[in-house]
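Here is a briefing on one protein model, grouped by topic. Please read it alongside the sequence and the coordinates.

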Amino acid sequence: TDPEKYREAHEDFRGKIEQGGERLFDLTLTRSFRSTAPILNFVDAVIENAGHQNFGIASEIPEHLSKLPLHGSVELLRCVSAIPDEDTHDEAEEDWITEEKLRLAQLIAAKVKKWIYDAPWLLTEGRHLLPKDIMILLRKRGEFANLLVARLHAAGVPVAGIDRLYLSESLAVQDLI
């Protein structure tokens, strides 16, 4: 998309709205009402390190801001790949998933189990960490999400399955609200 054409269309649209006696508000996507500051700070650091041009964006991206308190953290896990001589499939039922995804699910489940066992103090909550404080973000629900829930259950981690979603909790519905 040509940025100049976009700017011209924006100004044309603004003029039409103002002719109708209304005002066009310039809103950005830099203010989040769902993501916490540590997540947005991580996003900003990735963009700064890679450069906005590598995201197909012509100008610098403003800093992202959160309406939520300074809760949470971002942890990067090491890359996972299949080891040819190592078979982590314990059950024949798991032949539907790749070795890499299976190892990643096991790694995440072990990490979450350790967090719950260590139960760090959450200063903002005035208590120790509970399973309900952990959210694992995935690009989409699918076979890996099902596997991850199964691995968390197998590790003894209390987890709400992906079937426990309510319409009002859907991200798309929250965006519309």
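**Helix α3 and its partner α4**

The buried residues of α3 are Glu 99, Leu 102, Arg 103, Ala 105, Leu 107, Ile 108, Ala 109 and Val 112. Buried means under 20% relative accessible area, exposed means over 50%, and partly exposed lies in between (1.4 Å probe, protein chains only). Helices (H or I, at least four residues) and strands (E, at least two) are DSSP runs, numbered from the N terminus.

This is a predicted model: local features need pLDDT of at least 70, side-chain atom pairs count only at pLDDT 80 or more, and totals for chains, interfaces and linings use all residues. Residues are numbered from 1 along each chain as its sequence is written, and side-chain values use heavy atoms, with hydrogens and water left out.

- The cover over the buried residues of α3 includes α4.
- In turn, the cover over the buried residues of α4 includes α3 (99–118).
- Cover here rests on contact, meaning heavy atoms within 4.5 Å.
- On α4, the buried residues are Phe 144, Ala 145, Leu 147, Leu 148, Val 149, Arg 151 and Leu 152.
- The 20 residues of α3 should span 28 Å at 1.5 Å a residue, and the end C-alpha atoms are 29 Å apart, which agrees.
- Helix α4 (residues 143–154) has 12 residues and an expected span of 16 Å at 1.5 Å a residue; its end C-alpha atoms are 16 Å apart, in agreement.
- The expected span of a helix is 1.5 Å times one less than its number of residues.
- Ala 119 follows α3 and has a positive phi, near 45 degrees.
- Gly 156, just after α4, also has a positive phi, of about 80 degrees.

**Overall makeup**

- The protein has 5 helices and 4 strands.
- Along the sequence, the pattern reads α-β-α-β-α-β-β-α-α.
- Of the 177 residues, 22% are buried.
- Among contacts between residues at least 6 apart in sequence, 53% join residues at least 24 apart.
- The protein exposes about 13,800 Å², with carbon and sulfur atoms supplying 56% of it.
- Accessible areas come from the Shrake-Rupley method with a 1.4 Å probe; for residues, only the protein chains shown count as cover.

**Salt bridges**

- The structure holds 7 salt bridges. A salt bridge is a side-chain nitrogen of Lys or Arg within 4 Å of a carboxyl oxygen of Asp or Glu.
- Lys 16 pairs with Asp 12 in a salt bridge, with the closest N and O atoms 3.4 Å apart. Both residues lie in helix α1 (residues 3–19), 4 residues apart, about one turn of the helix.
- Lys 16 is exposed, at 53% relative accessible area, whereas Asp 12 is partly exposed at 44%.
- Lys 111 forms a salt bridge with Glu 75, with 2.7 Å between the closest N and O atoms. Lys 111 lies in helix α3 and Glu 75 in the loop between β2 and α3, so this pair ties together parts 36 residues apart in sequence.
- Lys 111 is partly exposed at 27% relative accessibility, and Glu 75 is partly exposed at 38%.
- Lys 101 and Glu 143 meet through their side chains in a salt bridge (3.2 Å, N to O). This pair links distant parts of the chain, with Lys 101 in helix α3 and Glu 143 in helix α4, 42 residues apart.
- Lys 101 is partly exposed at 33% relative accessibility, and Glu 143 is partly exposed at 36%.
- Glu 125, Arg 127 and Asp 133 are joined into one network by salt bridges that share partners.

**Nonpolar surface patch**

- Phe 42, Val 43, Val 46, Phe 55, Ile 57, Val 74 and Leu 76 form a nonpolar patch on the surface, with about 540 Å² of accessible area together.
- Patches are made of residues with over 30% relative accessible area and no salt bridge: like charges are joined within 9 Å, nonpolar side chains (Val, Leu, Ile, Met, Phe, Trp, Tyr) within 5 Å.
- Phe 55 lies in the loop between α2 (37–50) and β2 (65–66). Phe 55 is partly exposed, at 42% relative accessibility.

**Pro 69**

- Pro 69 sits in the loop between β2 and α3.
- Pro 69 is partly exposed, at 46% relative accessible area.
- Leaving aside neighbours within four places in sequence, Pro 69 is in contact with Thr 36 and Ala 37.
- The C-alpha atoms of Pro 69 and Thr 124 are 8.6 Å apart, while the two residues are 55 residues apart along the chain.
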